[in-house]
Amino acid sequence: MQLLRFCFLLLTVSIFAQKNNKYDTFFEKGNGNQSASYSETIAYYKLLATDFPTIEIQEMGATDSGEPLHMVTFNAEKEFNFSEIQKNKAVLLINNGIHAGEPDGIDATMQLFRDLALGRIKTPKNTVIVTIPVYNIGGALNRNSTSRANQDGPEIYGFRGNARNYDLNRDFIKSDTRNTKSFAAIFHKTNADVFIDNHVSNGADYQYKLTYIMTQHNKLGTVLGDFLNTEMMPALVKDLQKKKIETTPYVNAFQDTPDKGFGQFFESPRFATGYTSLFNTIGFVVETHMLKKYADRVKVTYEYMRSAIDYTDTNYQKIKELRLKNEEQFQPKKAYTIKWEIDSTKATTFSFLGFEGGYKKSDVTSGNRLFYDRTKPYKKNVPFIKEFKPVKEIIIPEAYIIPKGFWPVIDLLKNNNISYRQLEKDTIIEVESYKIADFKTTNSAYEGHYLHRNTLVTSKIEKVAFAKGDYVVSTQQKGVKYLLETLEPEAIDSFFNWNFFDTMLQQKEGYSEYVFEDTATQILKENPKLKEELEYKKQNDSAFNNNPEAQLDWIYKHSVYYEKAHLQYPVYRILK
Ligand SMILES: [Zn+2]
């Protein structure tokens with residue numbers, strides 16, 4: 001009898017254990033230093049979606065790897081139609097493994113969804129949680145143990161580049177990869193109010209396990225930016241402190257030790273949160289510290305996401321209202337900043353938990369090396385700058401006109417939910433037109449491109465003939481910031497800078513000098529003012545005066561023979 005009872009007890013315990021073990025993640029089953037592979041991760045979410053009606057998993061487009069991108073949703077009310085959800089709930093979107101060698105978020109989010117489904121943590125009533133379980137699938141399939149040379153675990157992880165070796169966290173505007181196009185589909189479908197992108201840091205050593213980037217608040221827009229900077233971010237930091245997790249803004253100090261201070265990382269639209277901020281979404285990057293134990297990093301990533309969920313759930317109405325108000329700031333005729341600079345007059349200090357650092361003679365090179373002494377932790381006030389100031393502004397036009405031939409640009413606008421109309425007939429319209437006056441180009445390949453920078457344009461008002469079917473894109477829409485950042489050539493991540501319009505930089509036609517000599521004589525004869533200008537330039541520019549070819553070219557470029565398309569930016573601005 002006693003034995004029977006004992007056996008029964010054993011059986012109950014083992015059934016109970018089995019029931020609980022069923023939902024242990026790959027990470028939890030290991031020794032704390034193992035991360036789930038791509039297939040283990042997807043299989044786990046499929047298990048959750050099968051067992052819990054509050055969780056749904058769906059395929060959302062292609063990736064360069066050939067595997068589909070997945071999106072997983074938790075909604076306590078079991079509603080998965082996002083136009084319904086957006087009516088009365090906030091959406092928090094979590095992206096994992098964009099750098100597949102930084103998988104903390106992959107493992108932490110599996111636990112998070114399980115705990116939400118099982119009711120092990122507070123159920124959000126007003127917030128729907130969405131995750132991309134593994135974003136860089138090609139990178140995740142390319143598993144190894146060496147490509148993160150400075151990182152402490154996990155034992156095996158993926159690679160930074162995707163299936164075609166693109167860094168997906170530079171691809172959000174140029175969209176060379178299928179991953180980016182599928183991300184846009186998820187992002188616009190969910191209309192995420194809050195976004196988290198999970199990473200692991202490189203760089204300095206310090207005491208923190210968790211560092212964070214909040215999307216640059218000046219750039220986000222006054223209404224939402226002020227709220228993020230003065231209310232939401234401090235509240236998240238405080239909530240994490242309550243859980244005994246100290247945090248610091250991302251330690252953006254790569255040349256020297258952080259105690260001399262550092263400025264906020266500025267994420268232009270090529271980066272995930274730079275892109276999401278174009279649609280008035282509050283974005284955070286979690287950067288755990290690469291030299292901390294993997295299990296600790298997964299834990300703090302988990303807690304950051306929980307704090308963000310709790311805050312969003314309490315403040316969901318305010319966040320949704322402020323997003324709409326933020327959008328209203330960007331109206332035609334108002335100024336919009338396309339270039340920002342850190343405002344060093346606005347440095348503050350904060351209490352930083354670091355390790356004493358210094359330099360000593362290197363054992364391997366002929367130079368000195370930086371080192372951190374972990375036996376000497378410190379708490380010091382260090383300078384920190386998070387304010388940025390405008391250095392270049394444009395005036396927001398009423399609309400842009402894009403000739404229908406530039407379909408790669410049109411396709412990206414469509415992919416980003418931009419609305420437009422097409423001209424019903426050939427039409428002459430008065431527009432502001434840009435000529436490319438100057439730009440520099442990187443000497444080496446950067447993310448599959450030879451990126452332009454320091455672009456300058458000159459502008460004039462002129463009447464241009466447009467064709468039936470050309471695209472008129474109003475700026476009075478939700479994606480206005482996306483339009484301004486991509487279509488204004490001088491903006492840092494403009495389509496121009498990403499080589500979409502390089503064909504306009506090359507002259508297609510020319511002339512034979514011996515023939516054009518006679519034409520040039522005739523041109524100057526018929527146009528004394530032009531002849532005067534030429535003589536003036538010769539007198540005042542000795543290099544020009546000594547260069548007959550340049551003189552002939554100057555006449556050509558001031559004649560009707562010079563092609564209009566050369567250096568002409570083909571997207572035009574309608575001002576009224
Ligand atoms: Zn990263």
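Biologist: How much accessible surface does the protein chain have, and what share belongs to carbon and sulfur atoms?
Modeller: The accessible surface is about 26700 Å², and 52% of that belongs to carbon and sulfur atoms. Areas come from the Shrake-Rupley method with a 1.4 Å probe, and for residues only the protein chains shown count as cover. This is a predicted model, where local features need pLDDT of at least 70 and side-chain atom pairs count only at pLDDT 80 or more, while totals for chains, interfaces and linings use all residues. Residues are numbered from 1 along each chain as its sequence is written, and side-chain values use heavy atoms, with hydrogens and water left out.

Biologist: What share of the residues is buried?
Modeller: Of the 576 residues in the protein chain, 52% are buried. Buried means under 20% relative accessible area, exposed over 50%, and partly exposed in between (1.4 Å probe, protein chains only).

Biologist: What box do the C-alpha atoms fill?
Modeller: Roughly 120 × 65 × 40 Å, taken along the principal axes.

Biologist: And how many helices and strands?
Modeller: The chain has 18 helices and 19 strands. Both are DSSP runs numbered from the N terminus: helices are H or I with at least four residues, strands are E with at least two.

Biologist: What about charges, how many of each sign?
Modeller: There are 74 positive and 72 negative side chains, and the centres of the two sets lie 5 Å apart. Lys and Arg count as positive, Asp and Glu as negative, with His and the chain ends not counted. The place of a charge is NZ of Lys, CZ of Arg, CG of Asp or CD of Glu.

Biologist: Moving inside. Which residues have the most contacts within the largest nonpolar core?
Modeller: Phe 284, Tyr 304, Ile 402 and Tyr 482, in a core of 114 residues. A nonpolar core is a set of buried Ala, Val, Leu, Ile, Met, Phe, Trp, Tyr and Cys residues joined through side-chain atoms within 4.5 Å. Helix H11, residues 294-314, gives the most to this core, with 9 residues. Apart from it lies another core of 14 residues, among them Val 251, Ala 253, Phe 355 and Phe 384.

Biologist: Back to Ile 402. What is it in contact with?
Modeller: Leaving out neighbours within four places in sequence, Ile 402 contacts Val 409, Ile 410, Leu 413, Asp 470, Tyr 471, Val 473, Leu 487 and Val 571. Contact means heavy atoms within 4.5 Å.

Biologist: What share of the contacts joins residues 24 or more positions apart?
Modeller: 79%, taken over contacts with a separation of 6 or more.

Biologist: Tyr 482 came up above. How far is Ser 494 from it?
Modeller: The two are 12 residues apart in sequence and 9.6 Å apart in space, C-alpha to C-alpha. Ser 494 lies in the loop between helix H14 (480-487) and helix H15 (513-526).

Biologist: Is that serine buried or exposed?
Modeller: Ser 494 is buried, because its relative accessible area is 0%. Beyond residues up to four places away, Ser 494 touches Glu 485, Thr 486, Glu 488 and Pro 489.

Biologist: Now H7. Why does its length agree with the expected span?
Modeller: At 1.5 Å a residue, the 13 residues of H7 (178-190) should span 18 Å, and the end C-alpha atoms are 19 Å apart, so the two agree. The expected span is 1.5 Å times one less than the number of residues. Buried residues in H7 include Phe 183, Ile 186 and Phe 187. After H7 comes Asn 191, with a positive phi near 45 degrees.

Biologist: Which residues does the cis peptide bond join?
Modeller: Gly 153 and Pro 154, with omega about 0 degrees. Pro 154 sits in the loop between helix H6 (137-141) and H7.

Biologist: What is phi at Lys 244?
Modeller: About 65 degrees, a positive value although Lys 244 is not a glycine. Lys 244 is in the loop between helix H9 (222-242) and strand S7 (247-249). It counts as exposed because its relative accessibility is 75%.

Biologist: And Asn 417, what is phi there?
Modeller: Near 60 degrees, also positive in a residue other than glycine. Asn 417 is found in the loop between helix H13 (407-415) and strand S15 (421-422). At 54% relative accessibility, Asn 417 counts as exposed.
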